[in-house]
Amino acid sequence: MEVIESKNLVKKFGKLEAVKGVSFEVQEGEIFGFLGPNGAGKTTTINMLCTLLAPTAGEAIVNGFNVIKERDQVRGSIGLVFQEPTLDDYLTAEQNLRFHAYAYSIPKKTLEPRMKALLDMVELWDRRKEKIDTYSGGMQRRLEIARGLLHHPKVLFLDEPTLGLDPQTRSRIWNHIHELRKKENLAIFMTTHYMDEAENCDRIAIIDYGKIVALDTPDNLKDAFGGDVVTIKTEDNDKAESLLKEQYNLQAEQENGAIRFTVPHGEEFLPGFVSGFPLCLISIGLHRPTLEDVFLKLTGRAIREQDVDQMQHMKRKMRMRGH
Amino acid sequence: MTKFFHSIWVIAYREFLHFIQDRMRMISSFSMPILFLVIFGAGFGKLIGQMMPGVDYLQFMYPGILAMTVLMTSIMSGVSIVWDREFGFLKEVLVSPLNRSGILLGKAAGAIGIAIMQGIIMLVVAPIIGVSLSWGIVLALIPLIIILSMSMSALGLLIGARMRSQQGFQITMQLVIFPMMFLSGIFFPLTGVATWMEILSKINPVTYGIDAIRQVFLGTEAAGVTIFGHTMGIWESALLVTAVGVVLLLGAIWAFNRQE
């Protein structure tokens, strides 16, 4: 069953077209990833799906409800974790959850056991009586995930859920996400620009300049890349490059004193290649294409995660000081 | 309809929680009015005695300070929607199934509740600092505090409904709130001031809110704003403030619904 259906969603801000007709479906229990550089239209798409922004054109159905006409029903069926924190710093973790429970009209009887289970899951039960301003960034994010699940949504939206977090916290959050999918059959719609994280998704849509340029499972995306990446070093790289072109009909590139080229079924190609290659080989390497390779090929540029991280970090620091 | 009232309650509940848990705010809500009373009392005491013979400065100042406390608290609670937006919490509220108009009215309801609590604190302090109170005065004050708080939180909400940054808030604070406060007769009687000031103060709705509160203490003869030769009584002033408040509140709801 589809929990999200997006049909030609368009969003214009004045003259700027941030999202240019995006269509996709998300199935129940699926982890669906939106992968793209900053400003590609990921957050704008999420905001339209979660009723925070009205689409300029097109339509979207979430859990069977129209995001334009049945906003309240949509709001009741989704949980959200935004890029930037949306907790009330003046309240304790427990008070934040209780506020959420009131807002979503969760009966008290269901609330108590659910709150305990979720806080246990994100390992914050012991610190539930503490105010949010004593929480680290990772703890806040985990609490937000727990809060987003408190009303048992059908879809959990995660906008860059691990942005600016340290590797341990990131992997912990991913453990939670996998656990949840197993337990609740919840669909998860997430955006990320971390390539290694996108590997966790069942399917990925690569979005660039407001358009989906590819949509498939991570494995299929990599297969469509056209095989495996082989890196060799030889005593004469220039000669090797022309040899590859003439004898094997392979387009190779030189990079940092090594030659890179792509072949289908690399592990079958290599044995024959090594015994038959006329030049002396110094080293040889083979790797499956990564999503980074795929992304580079599709969009012609790398995702600049460095800039984004630093910006977010600064923003957060300023927030802290502002308090 | 149930959902509408539920939304108001949920939002107001959070405002109360903030007020109760914020110790600094509790302390300042006690100390600031007293500080004002002492300083302005010492400064203006004699002056007021000369301007309004037979009126005790404490009896004049106390209602003003009470009104000022209500005014500041209410506008600040209204504008706190800017903070909620800046610190992200507003998003949590906006994606929840809570009713939009209910959210805004919940903010106003929270402001009114807090203003009443502060008013009660002020009333408890009154006998200690030598202001004479009667039960009649107290009973008349509560509804006046409610309507003044309603219209001032509505003003704050109208300002905050579309504002994106705290810098913008600082500017409104200086260009709207302070002039409104100083031109309202909180600190000095508006009799015999320059004509431009008299006109501005009579356009200022806060003037009537404060005047109504002051009339409860001093009677219509001693206070009472005269406009076009007619002296406004408590009822008339109260009605005017209520009307302004309702209009501002509707404006705020409209702006908020349009924005988000």
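This is a short tour of a predicted model, one selection at a time.

Local features need pLDDT of at least 70 and side-chain atom pairs count only at pLDDT 80 or more, while totals for chains, interfaces and linings use all residues. Residues are numbered from 1 along each chain as its sequence is written, and chains are lettered from A and ligands numbered from 1 in the order in which they are written.

**Stop 1: chain A.** Select chain A. Its C-alpha atoms fill a box of roughly 75 × 45 × 40 Å along the principal axes. Look for 12 helices and 14 strands. These are DSSP runs, numbered from the N terminus: helices are H or I with at least four residues, strands are E with at least two. Of the 323 residues, 36% are buried. Buried means that 20 or more other C-beta atoms lie within 10 Å of the residue's own; exposed means 12 or fewer, and partly exposed is in between, with C-beta atoms placed from the backbone.

**Stop 2: strand 8 of chain A.** Select residues 187-192. All 6 of its 6 residues are buried. Both faces are covered: A:Ala187, A:Phe189 and A:Thr191 on one side, A:Ile188, A:Met190 and A:Thr192 on the other.

Now add the partners. Strands pair if DSSP finds at least two bridges between them. Strand 3 (residues 31-35) runs parallel to strand 8, joined by 5 bridges. Strand 7 (residues 155-159) is also parallel to strand 8, with 5 bridges. Centre on A:Met190. A:Gly33 stands opposite A:Met190, and so does A:Leu158. From strand 7, follow the chain through helix 6 (residues 167-184) to strand 8; this β-α-β crossover is right-handed. That is, with the strands pointing away from the viewer, the path from the first strand over the helix to the second runs clockwise.

**Stop 3: A:Ala258.** Select A:Ala258, in strand 13 (residues 258-263) of chain A. Is A:Ala258 buried or partly exposed? A:Ala258 counts as partly exposed because it has 16 C-beta neighbours inside 10 Å. Add A:Ile232: the two are 26 residues apart in sequence, yet 5.7 Å apart in space, C-alpha to C-alpha.

**Stop 4: where the chains touch.** Show chain B too. The contact (C-beta atoms, placed from the backbone, within 7 Å) takes 18 residues from chain B and 22 residues from chain A. On the chain B side, helix 1 gives the most, with 7 residues.

**Last stop: B:Ala108.** Select B:Ala108. Leaving aside neighbours within four places in sequence, B:Ala108 is in contact with B:Met150, B:Ser153, B:Ala154, B:Leu157 and B:Leu249.

Technical notes. Contact = placed C-beta atoms within 7 Å.
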